[in-house]
Each structure stands twice: as C-alpha cells, then as structure tokens.
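Let's take a walk through this model together, starting from one side chain and working outwards. Keep the 3D view open as you read.

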Amino acid sequence: MKVTPVHGALFGVAIGDALGVPVEMIKRDVLAQDPVRDLVGYKQHNQPAGTFSDDSSLTFCLAESLCNGYDLHDVGERFVKYFFEAYWTAGGVVFGVGKTTEIAITKLRDGVSPADSGNYDEGCSGNGSLMRILPLLFYVMDFEIEKRYEITREVACITHGSMQTILPCFYYLEFALELLQGSQKQMAYDNTAKTVADFLAGSSLGEQARNVLTPLLFEDITKRSSASILTTHQAVLTIQAAMYCFMQTDNYSDAVLMAVNMGDDTDTTAAVTGGLAGLYYGFESIPEKWRKEIKRSNEIHDLCDRLSKAMGLT
Ligand SMILES: [Mg+2]
C-alpha cells in the first residue's frame with residue numbers, strides 16, 4: 001500500500017516526540033552547548049532511543065479510534081487504556097503525562113462522560129490536547145468550518161476545555177488542512193490567518209478568545225526573534241513555537257531539531273512541529289534511519305495504513 005499524508009503526519013509527530021524525550025525540560029542555553037542531532041536514549045526519562053511519549057501514544061489512541069469512525073466515548077476508553085494499561089506505549093512505560101490529562105483520564109475511568117472529563121477552568125492552559133489532536137484532521141477535512149470547529153472542540157475538551165487550549169488545536173488543524181490541500185507554506189499561513197480570523201469574527205466566541213491567536217492571525221511569526229519564541233507547556237506558546245520552527249526551515253529534520261533545541265517542553269514542541277513538517281514534506285522526507293529506529297515502527301505504519309483506508313485516502 002502506498003503511503004499517504006497520514007503516514008507523514010503520524011510518523012512526523014512520533015519522531016519529533018522521540019527526539020525531544022531525552023532532553024525534556026532542559027533549557028535552551030544548555031542545549032546550545034550540545035544540541036540534539038539524532039535519536040538518542042536515556043537522559044531525562046531513562047528510555048532507550050526511539051521511545052515516544054504520551055504525545056504520540058494519545059495521538060495513536062485517537063487514530064485507532066477514528067479507524068472505526070467518530071466516537072468520543074471510544075476515544076476516551078482508549079485514553080484510559082493508555083494510562084492504566086500502557087496501550088500504545090513505546091515500550092510498556094507510561095511517562096511524562098501532564099496533570100490535567102491525568103485527572104481527566106482518571107475521571108473517564110471512573111465513568112465520567114468525555115464531554116465532562118476535561119478541565120473547563122479559564123486558567124487551563126497546557127498543551128496536552130494540542131499534542132494529540134492531529135489525526136482528527138483526516139476526519140474533519142471535508143466538513144464545513146463550523147463542524148470542523150465543533151468536532152475539534154469536542155475532542156480537545158476530553159482533557160482541556162478552555163479557549164486558550166481549544167483555539168490552538170483549531171488553528172493547528174486549520175493550518176494542517178491548508179497544507180493537506182496543497183498550499184505552499186506561506187500561502188497556507190496567510191490563508192489560515194484569514195480563515196480562522198473570519199470564522200472567529202462571525203462566531204459568538206468573545207474578543208478575549210480571539211486574542212488567544214493574535215500573534216498567528218495578525219502578525220508574521222517568522223519575523224520574530226527566536227529568543228522571543230517560548231517553549232514552555234502552554235498551548236498558545238507551543239503552537240506559536242511549532243509554527244515558527246516549521247516556517248523557518250525547509251525540511252523535516254531541520255524543523256524538528258530546531259524545535260527540540262529550543263528546550264523546555266521539547267517533546268511536545270517537536271511533536272507538533274513534526275506533525276506539520278511530516279505532513280508537508282511527506283513520509284519519504286523523514287530520514288529513513290529515524291523511521292526505522294522509532295519504537296513500534298511497523299505497527300505505526302500499519303495504523304497509518306488503516307487510518308488512510310478508513311478516511312478514503314488510498
Ligand atoms: Mg510527552
């Protein structure tokens with residue numbers, strides 16, 4: 001079976017994640033002395049090279065679920081299986097899961113509905129929904145924007161329910177949709193800014209909600225200095241950092257390595273960046289060595305085959 005954009009996107013996420021895992025929470029100035037250039041093992045989480053983390057595991061849970069259609073309860077059940085039974089882990093170890101995600105998954109296990117399991121506090125800001133949302137692109141790609149937003153919101157809210165976490169997911173998928181439809185990156189950037197700004201202007205979401213995405217909608221993020229791009233765990237910052245790394249580079253490796261070497265939340269920044277870069281440059285553009293060394297490579301490939309088929313992409 002031929003590879004599709006699904007393969008680029010999902011391998012893109014997992015390899016970015018695995019590149020970042022060994023140096024998660026290391027500061028940028030420290031990484032500048034000894035930058036990451038390859039998949040390496042151990043260090044921060046003491047895992048062998050090629051080990052992906054929660055970002056990819058939860059991405060694969062969503063992808064698996066979408067192979068059978070859209071069912072929020074099924075997505076939630078797979079998240080529970082991941083956290084409590086190590087389903088879709090790289091090597092049987094669950095690590096790096098954020099507090100908001102852990103609390104939501106525990107609620108799901110205890111029978112709370114996926115519509116109520118997430119954190120709806122205005123202050124909820126983490127990137128735990130952004131890091132796992134990309135497979136949804138292939139389900140929503142043919143819908144009208146209102147429905148794309150609504151489905152994205154539902155899937156995001158399983159764990160993170162605030163505007164400052166939902167809107168980065170929405171922007172990410174809208175930008176990815178532009179890439180999937182064949183736009184060159186600058187055109188995709190401009191078109192997404194317009195599409196999302198118009199949608200938000202015509203929606204009942206408040207101005208405060210719209211301000212969440214201001215740097216991406218009304219500025220050219222590529223004009224910023226890299227020092228002004230922050231890579232801590234807030235979703236609004238992660239999507240900006242991922243867009244910066246994607247827009248500033250011209251191939252998969254450079255994009256994800258730039259993201260990792262920005263430090264702090266390295267795995268998630270590189271997972272989000274890698275999803276875009278893998279989708280845009282394609283599966284074959286990801287170094288073969290990395291595609292082979294990523295844990296569960298064959299099973300990820302099989303999952304991509306199945307999701308492609310389910311989404312009519314073959
Ligand atoms: Mg992680």
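## Starting at one tyrosine

In this predicted model, Y171 makes a good first stop. Setting aside neighbours within four places in sequence, Y171 is in contact with Y189, T192, V196, L213, L216, L217, I239 and M243.

## The nonpolar core

Y171 and its partner M243 both turn up again in the largest nonpolar core, where they are among the residues with the most contacts inside it, along with L136, F138 and F175. This core counts 108 residues. Its biggest contributor is helix 8, running over residues 163–180, which supplies 11 residues.

## The largest pocket

Now for the open spaces. The largest pocket holds about 320 Å³ of space. Its lining is made up of 23 residues, and G98, N127, G128, H233 and D265 are the closest to the centre. Three elements each give two or more residues to this lining: helix 3 (54–66), helix 5 (99–109) and helix 14 (266–281). Helix 5 has the largest share, with 3 residues.

What is the chemical character of this lining: how many residues are nonpolar, polar and charged? The lining has 13 polar residues, 7 charged ones and 3 nonpolar ones.

## The second largest pocket

The second largest pocket offers about 210 Å³ of space. If you would like to colour its lining, select Y120, E122, R153, G161, S162, M163, Q164, I166, Q208, A209 and V212. By class, these lining residues split into 5 nonpolar, 4 polar and 2 charged.

Helix 8, already met as the main giver to the nonpolar core, appears here too: helix 8 and helix 10 (207–211) each supply at least two residues of this lining. Helix 8 gives the most, with 3 residues.

## Stepping back to the whole protein

Zooming out, which kinds of secondary structure does the protein have, helices or strands? There are 16 helices and 0 strands. Along the principal axes, the C-alpha trace spans about 45 × 45 × 40 Å.

The radius of gyration is 17 Å, which agrees with a compact globule, because a globule of 314 residues would have a value near 20 Å. Of the 314 residues, 59% count as buried. As for the contacts with a separation of 6 or more, 75% of them are between residues 24 or more positions apart. The Y171 contacts where we began include one such pair, with M243.

Definitions and conventions: Residues are numbered from 1 along each chain as its sequence is written. This is a predicted model: local features need pLDDT of at least 70, side-chain atom pairs count only at pLDDT 80 or more; totals for chains, interfaces and linings use all residues. Side-chain values use heavy atoms; hydrogens and water are left out. A nonpolar core is a set of buried Ala, Val, Leu, Ile, Met, Phe, Trp, Tyr and Cys residues joined through side-chain atoms within 4.5 Å. Buried means under 20% relative accessible area, exposed over 50%, partly exposed in between (1.4 Å probe, protein chains only). Helices (H or I, at least four residues) and strands (E, at least two) are DSSP runs, numbered from the N terminus. Contact means heavy atoms within 4.5 Å. On a 1 Å grid over the protein atoms alone, a cavity is a set of points where a 1.4 Å probe fits but cannot get out, and a pocket is an open set with protein on both sides within 12 Å along at least five of seven lines; lining residues have an atom within 4 Å of a point. Grid points are joined across faces, edges and corners, and a volume is the space filled by probe spheres set on the points. Ala, Val, Leu, Ile, Met, Phe, Trp, Tyr, Cys and Pro count as nonpolar, Asp, Glu, Lys and Arg as charged, and the others, Gly among them, as polar. The radius of gyration is taken over C-alpha atoms; the globule rule is 2.2 Å times the number of residues to the power 0.38.
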